[in-house]
Amino acid sequence: MKIEGVELRRIAMPLKAPFRTSFGVETDRDILLVRVETGDAEGWGECVAMSEPRYSSEHVEGAADVLRRFLVPALPAEVDANTVGASLAPFVGHRMAKAALETALLDAQLRARGESFGAFLGAVRERVPSGVSVGIMDSVPELLDVVEGFIGEGYLRIKLKIAPGWDVEPVRAVRERFGAELQLQVDANAAYTLADAARLRRLDEFGLLLIEQPLADDDLVQHARLARQLTTPVCLDESIESAAHAAAAISLGACSVVNIKPGRVGGYLEARRIHDLCRAHGVAVWCGGMLETGIGRAANVALAALPGFSLPGDTSASSRYYANDITAPFELVDGHLEVPTGPGTGVSPVPELLDAVTTSREWIALRHPLGR
Ligand code: SMG
Ligand code: MG
């Protein structure tokens, strides 16, 4: 596949409500979209880097810079999305930027041959169960109202963001109000240390599906120690940036569940490798979310349809975050999202909706002198 050029497009997407985690509050998403143009098709990728490097070291401006200066210029004259990772590998890190480019290339390639992401990745389901991630609130009554609303919409699993000072009480309140059958889990975004083990053990009585990323992202050894002290299964998010990290975490006993986010791990191919590895080791996986628009959501939903995804993902409906998405919205039906079946991701931005939220566009033409 020959690439004519790559467009970096920034969009500003207001969130319906602020989303608070242990590391900050999101009110708007400043999102970088990558569009590749080939002779036959175009392809889209959504970069999941946030505006500030708080969830991870990447941020949207840095991702745009590394794409423009290093990753796009490193593309060979003839690109195959399945092997482009090797051309990007000399540049250390920047997995979210790499994922966006690889996804756009994969989308273009699949569109050109009329194959869907789901079929390509190995999806075995036509729809995937949806969970919803609930931010830190100002009060427990407010939290209960919000959770009640999501349960009313049909979400099959609730994830509560926790932080020191907002953990045992909100979890207890949600359990008491909505009962033992509610599928419930928590996400700490690395807000605790091993010294908090006794506090975290208090969550064991609530029958949670899992506790996500309780400790620092670079501390697999302490996660293994913590996991031995809890009955709640430990799930890793930030710590797992590659299949190699997943292998290390599994062999150390640092987790028994993995949240797979394609952006965090460098793309859908690495995400599938992590799925395969976890499946072989009997480790459950589920698909995470980064408040994606329909572009990123479509590919995530396809991934979540692979056989090892045994828990509901943060694959919520578009309306969870956005009043107006840039694609046809993903809607919850019986607590599930349908896996798109059209070529590539199966969704495309609606030009007028996309233009209305675009804040900048940059075209990078690919020149390959003497057919490099
Ligand atoms: O897409 O529904 C979503 C977001 C899910 O909680 C979510 N993501 O650590 O898993 C996580 C967070 C990262 C982003 S928080 C701003
Ligand atoms: Mg998380």
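Modeller: On a 1 Å grid over the protein atoms alone, a cavity is a set of points where a 1.4 Å probe fits but cannot get out, and its lining residues have an atom within 4 Å of a point. A volume is the space filled by probe spheres set on the points, which are joined across faces, edges and corners. This is a predicted model, in which local features need pLDDT of at least 70 and side-chain atom pairs count only at pLDDT 80 or more, while totals for chains, interfaces and linings use all residues. Residues are numbered from 1 along each chain as its sequence is written, chains are lettered from A and ligands numbered from 1 in the order in which they are written, and side-chain values use heavy atoms, with hydrogens and water left out.

Biologist: How many cavities of 30 Å³ or more does this rule give?

Modeller: The count comes to three; the largest has a volume of about 220 Å³, and the second largest holds about 120 Å³ of space.

Biologist: What makes up the lining of the second largest cavity?

Modeller: There are 17 lining residues, and E46, V48, T103, Y268 and G296 lie nearest the centre. Two or more residues come from each of β3 (42-47), α3 and α11 (294-303), with α11 giving the largest share, four residues. Helices here are DSSP runs of H or I with at least four residues, and strands are runs of E with at least two, numbered from the N terminus.

Biologist: Why is α3 described as largely enclosed by the rest of the structure?

Modeller: Buried means under 20% relative accessible area, with exposed over 50% and partly exposed in between, for a 1.4 Å probe and protein chains only. In α3, 15 of the 19 residues are buried, so the helix is largely enclosed by the rest of the structure.

Biologist: What makes D187, E212 and D237 protein donors of the magnesium ion (ligand 2)?

Modeller: Donors are N, O and S atoms within 2.8 Å of the metal (3.2 Å for Na, K and Ca), and sites may look incomplete because water is not among the atoms. The OD of D187, the OE of E212 and the OD of D237 lie 2.1 to 2.3 Å from the magnesium ion, so they fall within the 2.8 Å limit. E212, in strand β8 (residues 211-212), and D237, in the loop between β9 (234-236) and α9 (243-252), are 25 residues apart.

Biologist: Why does E212 count as buried?

Modeller: E212 has 0% relative accessibility and therefore counts as buried; D237 is likewise buried, with a relative accessible area of 0%.

Definitions and conventions. 1 Å grid on protein atoms, 1.4 Å probe; cavity = no way out; pocket = protein on both sides within 12 Å on 5 of 7 lines; lining within 4 Å.
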